[in-house]
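Thanks for coming. Let me put the model on the screen, and then we will walk through it.

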Amino acid sequence: MESIDTRDTHDVVVIGTGSAASSVATRCRAADWRVAVVDARPFGGTCALRGCDKKKVLVGAAELVDGGRRMTGKGVRSAEVRIDWAELMRFKRTFTDPVSENSERRFARAGIETFHGRARFVDGRAISEAAYKDGQQILNNWGAPADQIVGPRADLLNRYGIQAVVMNTFEYNTGGIYALAMALAKAPSSDWQLVYDDEQAMVFLRHPPAGTPVFSDRVQRVLDHLDTECTANIQHSPLAYLCARTMGDYWMRARDMPRARRMLQLYLEHALYKDPVAEEALRQMGGSGQR
Ligand SMILES: Cc1cc2nc3c(=O)[nH]c(=O)nc-3n(C[C@H](O)[C@H](O)[C@H](O)COP(=O)(O)OP(=O)(O)OC[C@H]3O[C@@H](n4cnc5c(N)ncnc54)[C@H](O)[C@@H]3O)c2cc1C
């Protein structure tokens, strides 16, 4: 694919043509911005081409056959209900085939330029594998003190000229803590300031604009935030419960037993598998992990 540099020709280039990209692109265009969209796959995105619509029809057909079979001999005669795969695929194509062309036509009608191909940022700040790895290194600072702005983390923050960090504090699949938050909290206040904190995110700025309120108790804020974010996340996504195990261990090591008890209790209430070590620890603290 030819290489196109859109920095001077467009106000925004939207990567993808699915539901998210379409809504961003059309709104920016409605505000009279010069907008382009680019997609490496046929236009239309996952939902319309490979996800929702197609799934509903295929799952619907399977459920119908399954339901018929289950009810046969129980008041339903369904000997003839079966999947005709070729016909089902023909039907599926009646609504997936037109998607790409219609999508491209809609963009064109709205005055949005369309490109086919894989987009990447020319300054390497995002969606390249190397930038992803750098992001992970900034978060975790492998090979150097995890809770300090030193070594590879400091080099990368400087190399990318990062002035603002908007982050959550857990990798929810493993329950691991992103140590960057504590490193930013411990950094001299002349280097980094904490300017925002809610149950989902923290925002650190290198040089907050004059007059921006900042939190003076950054380390305590981060510690409180870890519990709050983990608890709120489990409420929304009960399967992402491992952060509570991490925090339970953390508070046990810090000898803050009320907090350790609360987080281990939360963990055990959601854990899918037995964890005798956590159960015993909780029992010794006078709690119970029973659901
Ligand atoms: C099997 C299945 C069933 C689903 N069922 C439902 C459902 O019933 N209800 C529901 O609400 N959701 C459902 N979903 C989820 C839904 O499809 C997604 O939430 C939705 O498509 C996300 O939209 P999006 O615009 O963020 O991304 P997508 O629609 O995935 O679009 C992203 C686009 O970006 C392109 N792209 C990515 N990187 C680049 C790049 N570097 N350069 C160029 N192009 C790039 C991709 O090719 C893709 O076309 C389902 C998903 C699947 C897989």
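Which residue in strand 8 is the bridge partner of Asp197? It is Met202. Before going on, the ground rules. This is a predicted model, where local features need pLDDT of at least 70, side-chain atom pairs count only at pLDDT 80 or more, and totals for chains, interfaces and linings use all residues. Residues are numbered from 1 along each chain as its sequence is written, and side-chain values use heavy atoms, with hydrogens and water left out.

Back to that pair. Strand 7 and strand 8 are antiparallel and share four bridges. They make a hairpin, with four residues between them. Strands here are DSSP E runs of at least two residues, helices are H or I runs of at least four, and both are numbered from the N terminus. Two strands pair if DSSP finds at least two bridges between them.

Strand 8 (residues 202-205) also pairs with strand 4, again antiparallel, over four bridges. Ala164 sits opposite Leu205, and Val166 sits opposite Val203. The result is an open sheet of three strands in the order 4-8-7. Its edges are strand 4 (164-167) and strand 7 (193-197), each pairing on one side only.

Now the faces. In a regular strand, side chains alternate between the two faces of the sheet. Strand 8 is covered on both: Met202 and Phe204 are buried on one side, Val203 and Leu205 on the other. Buried means under 20% relative accessible area, with a 1.4 Å probe and protein chains only. Helix 8 (residues 218-236) lies across strand 7 and strand 8, at about 35° to strand 7. Angles run from 0 to 180 degrees between N-to-C directions, on axes fitted to C-alpha atoms, for helices over the stretch in contact.

Next, the parallel sheet. It is open, with three strands in the order 1-2-3. Strand 1 (12-15) and strand 3 (113-116) are the edges, each pairing on one side only. Neighbouring strands are turned by 20° on average, direction ignored. Helix 1 (residues 19-30) packs on this sheet, touching strand 1 and strand 2 (contact: heavy atoms within 4.5 Å). Its direction makes about 165° with that of strand 1. Four bridges join strand 2 (residues 35-39) to strand 3. One partner pair there is Val37 and Thr114.

That is the tour. Questions?

Notes. Buried < 20%, exposed > 50% of the residue type's maximum accessible area, 1.4 Å probe, protein only.
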